[in-house]
Structures are given as C-alpha cells and as structure tokens.
Amino acid sequence: MAKPGHSWNRRKSKKEEEEEEEEEGEDPVDAMIARTGCTAQHWALQECMAEQRDWRHCQPHVQAFRDCMARQQRPRP
C-alpha cells in the first residue's frame with residue numbers, strides 16, 4: 001500500500017547525483033561508440049532525432065554515422 005502524502009521527492013544534491021551516476025556506470029552502448037571514434041556523429045544523430053522525432057528527416061546524420069562505423073569496421077593492414 002502506498003504511503004500517504006505527496007508523490008514527489010525532494011531534489012537531490014549535486015553529491016547525491018554524482019554518486020548515483022557512478023553507481024549506474026557508463027552505458028555500454030556509449031562506451032562501444034566511444035571506442036569507434038564516431039561519438040560526434042552519434043550525438044549529432046541523437047540530437048536530430050530528438051528535435052525531428054522522425055528518422056527520415058535525419059538521413060544525412062544517419063549516413064554520416066553509418067559511414068563512420070563502416071570505416072572503423074574495415075580490416076586494417
């Protein structure tokens with residue numbers, strides 16, 4: 001049963017937020033993308049998707065990210 005009272009929580013302090021972030025750790029997808037060197041293209045695509053809310057409007061960003069990832073996946077001599 002729920003506790004009586006309000007349903008909102010107090011604002012967390014900066015220290016509490018930092019501790020929570022440390023506990024959660026880095027997102028494995030972000031870590032993988034960072035290792036490829038395609039972080040800038042990834043974030044540009046994410047920003048476009050957040051603004052447009054339709055991937056069809058972000059095709060230049062999709063292509064740039066795809067090209068970067070493809071360059072990273074090529075075998076190196």
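## A walk through a four-helix model

The structure, which is a predicted model, holds one salt bridge. That salt bridge brings together the side chains of R56 and D54, with 2.8 Å from nitrogen to oxygen. Side chains of opposite charge can pair when their charged atoms come close. The two partners differ in how much of their surface is open: R56 counts as exposed because its relative accessible area is 59%, over the limit of 50%, whereas D54 counts as buried because its relative accessibility of 16% falls under 20%.

To place this pair in its setting, it helps to step back to the overall fold. The protein has four helices and zero strands, so that, read along the sequence, its pattern is α-α-α-α. Of its 77 residues, 17% count as buried, and its accessible surface comes to about 7,100 Å², with 51% of that area belonging to carbon and sulfur atoms. When contacts are taken between residues at least 6 apart in sequence, 39% of them join residues at least 24 apart.

A record adds one label to this picture. In an unreviewed entry, UniProt lists residues 38-70 as "domain: CHCH". Over residues 38-70 the model's chain is 79% helix and 0% strand, and the C-alpha atoms at the two ends of that stretch are 10 Å apart.

The cysteines come next. A disulfide is a covalent bond between the sulfur atoms of two cysteines. With a cut-off of 2.5 Å between the sulfur atoms, the count comes to two disulfides. When the bonded cysteines are counted along the chain, the disulfides of the protein follow the pattern 1-4, 2-3.

One of these disulfides joins C38 to C68, with 2.0 Å from sulfur to sulfur. This pair links distant parts of the chain, since C38 sits in the loop between α2 (28-36) and α3 while C68 belongs to helix α4, and the two cysteines are 30 residues apart. The link of C38 and C68 is left-handed, with -90 degrees about the S-S bond, and both C38 and C68 are buried.

The other disulfide joins C48 to C58, where the sulfur atoms are 2.1 Å apart. Here too the pair links distant parts of the chain, for C48 lies in helix α3 and C58 in the loop between α3 and α4, 10 residues apart. The link of C48 and C58 is likewise left-handed, with -95 degrees about its S-S bond. C48 counts as buried because its relative accessibility is 10%, under the 20% limit, and C58 counts as buried because its relative accessible area is 0%.

The loop between α3 (39-52) and α4 (59-73) also contains R53, and what is the phi of this residue? R53 has a positive phi of about 60 degrees, although R53 is not a glycine. Most residues other than glycine have a negative phi. R53 counts as exposed because its relative accessibility of 73% is over 50%.

Two further residues, one in α2 and one in α4, round out the tour. T36 is found in helix α2 and counts as buried because its relative accessibility, at 14%, is under 20%. The side chain of T36 reaches the backbone oxygen of I33 at 2.6 Å. Which residues does T36 contact once its neighbours within four places in sequence are left aside? On that basis, T36 is in contact with M69 and Q72.

A64, by contrast with that buried threonine, counts as partly exposed because its relative accessibility is 33%, which falls between the 20% and 50% limits. A64 has its place in helix α4. Its C-alpha atom is separated by 6.4 Å from that of Q41, although A64 and Q41 are 23 residues apart along the chain.

Methods:
Residues numbered from 1 in each chain as written. Predicted model: local features only at pLDDT ≥ 70, side-chain atom pairs only at ≥ 80, totals over all residues. Heavy atoms only, no water. Salt bridge = Lys/Arg side-chain N within 4 Å of Asp/Glu carboxyl O. Buried < 20%, exposed > 50% of the residue type's maximum accessible area, 1.4 Å probe, protein only. UniProt positions renumbered as here; feature names shortened; annotations may be inferred. Contact = heavy atoms within 4.5 Å. Areas by Shrake-Rupley, 256 points an atom, 1.4 Å probe, with all protein chains shown as cover. Polar contact = N/O pair within 3.5 Å; in protein donor to acceptor, adjacent residues only side chain to side chain.
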